[in-house]
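The report below goes through one protein chain, from its overall layout to single pairs of residues. Please keep the sequence and the coordinates at hand while reading.

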Amino acid sequence: MPERLKLSHRWVVGLLGLMVGLLLGATFLTRSVLGLDAHSTAIARGGGTTIIQGGTGSPGFVPVITTIAFHATKSGNSVTGSFECLAEAPEAGTGSKSAQFTVNAMYVTGQITGASVQGNTATLTGSANITGLGAGSNVSFTFVVQKGGPGATSVLTVDTLPATSFHEILLQGSFEVAGEN
């Protein structure tokens, strides 16, 4: 066999060996895309930009944009996860500053400790620290999220504002909900 053909043959065999090794390593060492261990199940996750339906409501109807991120997993009988929601409003209701969303209207940061799934909708519950509107520590919240991309909906309710629910429409991003548990 010519020397050049031997070298090419060795190279192909070596490359195939490397590929098989990487495939076996990936098979035995994988974790899911969500970063879960083998005993965890994804319930819901997502993030993006939403707009609050109706803004601040009557009489001003000032728009409110939110940035949301969340994830919830189930391991055994425990549900864990986190929830973040930053709501921003414009400096002014009209004029040149009405589209500058620079006012921190509300910030909710918390831990998810409960979840249920029905069809394409997940209901996540937990407690959060809130600044701005509805401020408080260790405040119970409920976040109901519909699976989908832009146009999907969610509703946030916090115990410090029991008569107010924040109905949101996803503008950018995606919300994922696992099948029924």
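Which pattern does the chain follow when it is read along the sequence? In this predicted model, the pattern is α-β-β-β-β-β-β-β-β, which corresponds to one helix and eight strands in the chain.

**Overall layout**

The eight strands close into a barrel in the order E1-E2-E3-E4-E5-E6-E7-E8, and the pairing is antiparallel. Within this sheet, neighbouring strands are turned against each other by 30° on average, with direction ignored. As general background, strands of a sheet pair through backbone hydrogen bonds, either parallel or antiparallel. The chain has 181 residues, of which 28% count as buried, and its accessible surface comes to about 10600 Å², with 59% of that area belonging to carbon and sulfur atoms. When contacts between residues at least 6 apart in sequence are considered, 46% of them join residues at least 24 apart.

**Strand pairing around E4**

Strand E4, which covers residues 101–118, pairs in the antiparallel sense with strand E5, residues 121–132, over 12 bridges, while E3 and E4 pair in the antiparallel sense over 10 bridges. On the E5 side, Ile112 stands opposite Gly126, and the bridge partner of Ala115 is Leu124. On the other side, Glu84 has Thr109 in E4 as its bridge partner. The hairpin of E4 and E5 has two residues between the strands, and in this hairpin Gly119 takes a positive phi near 65°.

A positive phi also occurs at Asn138, where the angle is about 55° although the residue is not a glycine. This deserves a remark, because most residues other than glycine have a negative phi. Asn138 is found in strand E6, and with a relative accessible area of 59% the residue is exposed.

**The aromatic cluster**

How many aromatic pairs does a search of the whole structure find? The search finds four aromatic pairs. In one of them, the rings of Phe83 and Phe143 have their centres 4.7 Å apart and their planes at 50°, so the pair is tilted. Phe83 lies in strand E3 (residues 78–90) and Phe143 in strand E6 (residues 136–146), so the pair ties together parts that are 60 residues apart in sequence. Ring pairs link Phe83 and Phe143 with Phe70, Phe141 and Phe175 into a cluster. Phe83 is buried, with a relative accessible area of 0%, and Phe143 also counts as buried at 0% relative accessibility.

**The salt bridge and its surroundings**

A search of the whole structure finds one salt bridge. Glu176 forms this bridge with Arg45, and the closest N and O atoms are 3.0 Å apart. The pair links distant parts of the chain, with Glu176 in strand E8 (residues 165–177) and Arg45 in strand E1 (residues 40–52), 131 residues apart. Are the two partners buried, exposed or partly exposed? Glu176 is partly exposed, with a relative accessible area of 37%, and Arg45 is partly exposed as well, with a value of 26%.

Arg45 leads on to His71, since Arg45 is among the residues that His71 contacts. His71 has its place in strand E2, residues 65–75, and is partly exposed with a relative accessible area of 38%. Leaving aside neighbours within four places in sequence, the contacts of His71 are Ala44, Arg45, Thr80, Gly81, Ser82 and Ile112. The contact with Ile112 spans 41 residues in sequence, and the two C-alpha atoms are 8.1 Å apart in space.

**Accessibility of selected residues**

The table collects the relative accessible areas of residues discussed above.

| Residue | Relative accessible area | Class |
|---|---|---|
| Phe83 | 0% | buried |
| Phe143 | 0% | buried |
| Arg45 | 26% | partly exposed |
| Glu176 | 37% | partly exposed |
| His71 | 38% | partly exposed |
| Asn138 | 59% | exposed |

Taken together, the barrel of eight antiparallel strands carries a tilted Phe83 and Phe143 ring pair that joins E3 and E6, and a salt bridge between Glu176 in E8 and Arg45 in E1.

Conventions. Residues numbered from 1 in each chain as written. Predicted model: local features only at pLDDT ≥ 70, side-chain atom pairs only at ≥ 80, totals over all residues. Heavy atoms only, no water. Salt bridge = Lys/Arg side-chain N within 4 Å of Asp/Glu carboxyl O. Helix = DSSP H or I, 4+ residues; strand = E, 2+ residues; numbered from the N terminus. Buried < 20%, exposed > 50% of the residue type's maximum accessible area, 1.4 Å probe, protein only. Contact = heavy atoms within 4.5 Å. Areas by Shrake-Rupley, 256 points an atom, 1.4 Å probe, with all protein chains shown as cover. Pairing = 2+ DSSP bridges. Axes fitted to C-alpha atoms, helices over the stretch in contact; angles between N-to-C directions. Phe/Tyr/Trp six-rings, centres within 6.5 Å; stacked < 30°, edge-to-face > 60°.
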